[in-house]
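Open the model in your viewer and keep the selection box at hand. We will go from one residue outward to the whole chain.

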Amino acid sequence: METEKQKISYRFPAKFPFPAKSTKMIAYLGRIVHDTDAESKPDDDVSSISKSLDLQGSIESGGITGVAGKDFGGLYSVKPLALIRPSGAEDIARVVKAASRTSHLTVAARGNGHSINGQAMADGGLVIDMRSTEENHFKLLTINGSPYIDVSGGALWEDVLTRCVSKFGLAPRSWTDYLGITVGGTLSNAGVSGQAFRYGPQTSNVTELEVVTGKGEITVCSETQNSELFFGVLGGLGQFGVITRARVKLQPAPDMVRWIRVVYSEFEEFSRDAEFLVTQKEGESFDYVEGFVFSNNDDPVNGWPSVPLDLDHEFDPAHIPQTAGSVLYCLEVAFHYRNNDHPSTVDRAVSKLIGRLGFVERLKFQVDLSYMEFLLRVKRAEEHAKANGIWDSPHPWLNLFVSKSDIVDFDRTVFKKMVKDGVGGPMLIYPLLRSKWDNRTSVALPEGEIFYIVALLRFVPKGLSVEKLVAQNHEIVKWCIKEGLDFKLYLPRYQSKEDWKRHFGNQWTRFVERKASFDPMAILAPGQNIFKRTHLSITRQF
């Protein structure tokens with residue numbers, strides 16, 4: 001990684017130029033429905049669809065090669081009926097209401113297409129491109145003395161960061177590692193990064209949403225207003241509504257970050273220190289805590305060279321204890337500070353925190369960089385991957401939450417045996433605190449206060465079998481089930497109702513009731529494969 005500061009340019013797209021009430025587009029959609037719907041039912045009144053879609057936005061035909069028919073995962077491709085670029089919540093509501101007048105049409109909201117298993121797709125349905133709404137909301141508010149920002153559900157987090165820091169010197173408290181994804185997309189799942197141990201996931205850092213429900217109703221919701229919808233939508237996998245606006249908590253943005261990586265040979269020592277850091281009070285720990293596993297070899301992608309933070313530092317394997325096994329562990333932390341903080345003050349604070357840790361001596365790497373550069377660190381990896389032609393290759397990623405009670409067994413079997421040679425990308429693992437998550441949301445978590453996020457972020461080079469890697473993911477999940485591990489898939493997609501019931505456990509009934517309340521015909525987010533589209537109430541299926 002380059003240590004010298006680079007000038008980074010950011011471009012904010014102009015508002016999408018929508019044709020006003022495009023009757024030609026509406027008629028075109030009606031024609032598509034006639035031509036492609038071999039299973040049309042008598043109640044699929046195409047004329048009513050055409051009349052309902054009186055949009056300010058635009059419509060274009062779907063296609064298996066188009067943007068709406070694929071995603072970042074590259075594992076699935078479908079042919080949607082149409083791609084709709086709405087001008088705002090009113091357009092989205094019209095689309096949902098039009099779909100409800102048929103017996104089969106579904107609607108999927110697509111952010112920046114970063115899903116892995118087709119979750120944002122709609123085979124034969126209508127895909128809403130939320131990016132066309134990104135400029136609709138951007139307003140700073142002060143409520144009871146605290147700052148908040150109202151942003152569009154279609155806005156990219158990297159743009160929210162850039163604008164908040166540059167305009168106000170403020171920033172959201174909780175992030176994801178990669179910021180080229182939309183606000184609505186992460187809030188529909190959770191949104192996790194190294195700040196989550198302190199502030200919770202992104203779903204714990206919003207206070208109000210504007211949502212278009214599966215009934216086509218535009219509803220403002222919060223903890224005190226339409227609360228069941230508010231908590232249902234957060235982590236709700238898009239099943240209850242499309243997020244069109246979110247009110248996000250802000251805090252003063254630091255100027256600089258000291259980014260540090262330290263190496264461990266034993267998992268028990270790594271996990272002990274990681275858990276220690278995430279359970280300390282604010283001011284007595286780092287501001288960011290993550291970790292990853294890497295192969296104990298010289299592989300440039302999966303091994304020792306993946307650890308140093310800049311090209312001037314080298315990983316010297318001579319320092320690795322002879323007792324080390326097939327994999328090693330890296331604890332990644334960051335300390336925030338201001339430009340006017342004296343260097344010795346920063347050094348003392350960092351040394352005090354680092355001094356408590358039991359990492360391998362002389363296997364420590366650090367750089368100082370701006371707060372913006374740190375949060376946008378994955379963007380540089382994205383640019384590198386695009387330059388090498390692997391960004392657009394398939395990404396059979398696997399993300400899990402694993403209980404602290406089972407993480408040692410998981411490490412022993414999965415990391416030390418199944419994926420000991422690496423996955424062609426990062427293998428993240430770090431602890432989170434359940435008390436920072438709101439159990440009223442729809443997110444399913446393991447039991448216990450401490451649990452770990454595990455992410456196998458595979459990049460598949462040409463010539464490597466994607467099917468084998470997908471099969472290995474399935475093997476890992478099956479092993480977790482067989483051994484009775486307390487785990488949940490993060491960013492889940494299952495193939496059967498039984499799998500979904502197991503995933504949600506005692507929250508399943510609540511999840512179904514919320515579906516019946518807010519999307520009774522199962523119009524929304526068909527790509528998640530949870531509910532089947534119906535022209536009756538969803539409760540008839542259970």
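Select arginine 261 and show what surrounds it. Leaving out residues up to four places away in sequence, arginine 261 touches Phe292, Ser306, Val307, Pro308, Leu309, Cys330, Leu331, Glu332, Leu363, Lys364 and Phe365. Keep in mind that this is a predicted model.

Now colour strand 11, residues 256-264; arginine 261 sits in it. Is arginine 261 buried or exposed? Its relative accessible area is 12%, under the 20% cut-off, so arginine 261 counts as buried.

Next, add serine 306 and turn on its backbone. The side chain of arginine 261 reaches the backbone oxygen of serine 306 at 3.3 Å.

Move on to leucine 331, one of the residues that arginine 261 touches. Beyond neighbours within four places in sequence, leucine 331 contacts Arg261 in turn, and its other partners include Ile260, Val262, Tyr264, Phe270, Leu277, Val289 and Leu357.

Widen the selection to the largest nonpolar core, which has 124 residues. Leu331 is among those with the most contacts inside this core, along with Leu209, Phe286, Phe315 and Phe410. Colour strand 13, residues 327-337: with nine residues, strand 13 gives the most to this core. Then look for another core, apart from that one, with 23 residues. Leu81, Ile92, Leu105 and Ile128 are among its members.

Finally, zoom out and switch to cartoon view. The chain has 15 helices and 18 strands. Of its 542 residues, 58% are buried. Switch on the surface: the accessible area comes to about 22900 Å², and 49% of that belongs to carbon and sulfur atoms.

Technical notes:
Residues numbered from 1 in each chain as written. Predicted model: local features only at pLDDT ≥ 70, side-chain atom pairs only at ≥ 80, totals over all residues. Heavy atoms only, no water. Helix = DSSP H or I, 4+ residues; strand = E, 2+ residues; numbered from the N terminus. Buried < 20%, exposed > 50% of the residue type's maximum accessible area, 1.4 Å probe, protein only. Polar contact = N/O pair within 3.5 Å; in protein donor to acceptor, adjacent residues only side chain to side chain. Contact = heavy atoms within 4.5 Å. Core = buried A, V, L, I, M, F, W, Y, C linked by side-chain atoms within 4.5 Å. Areas by Shrake-Rupley, 256 points an atom, 1.4 Å probe, with all protein chains shown as cover.
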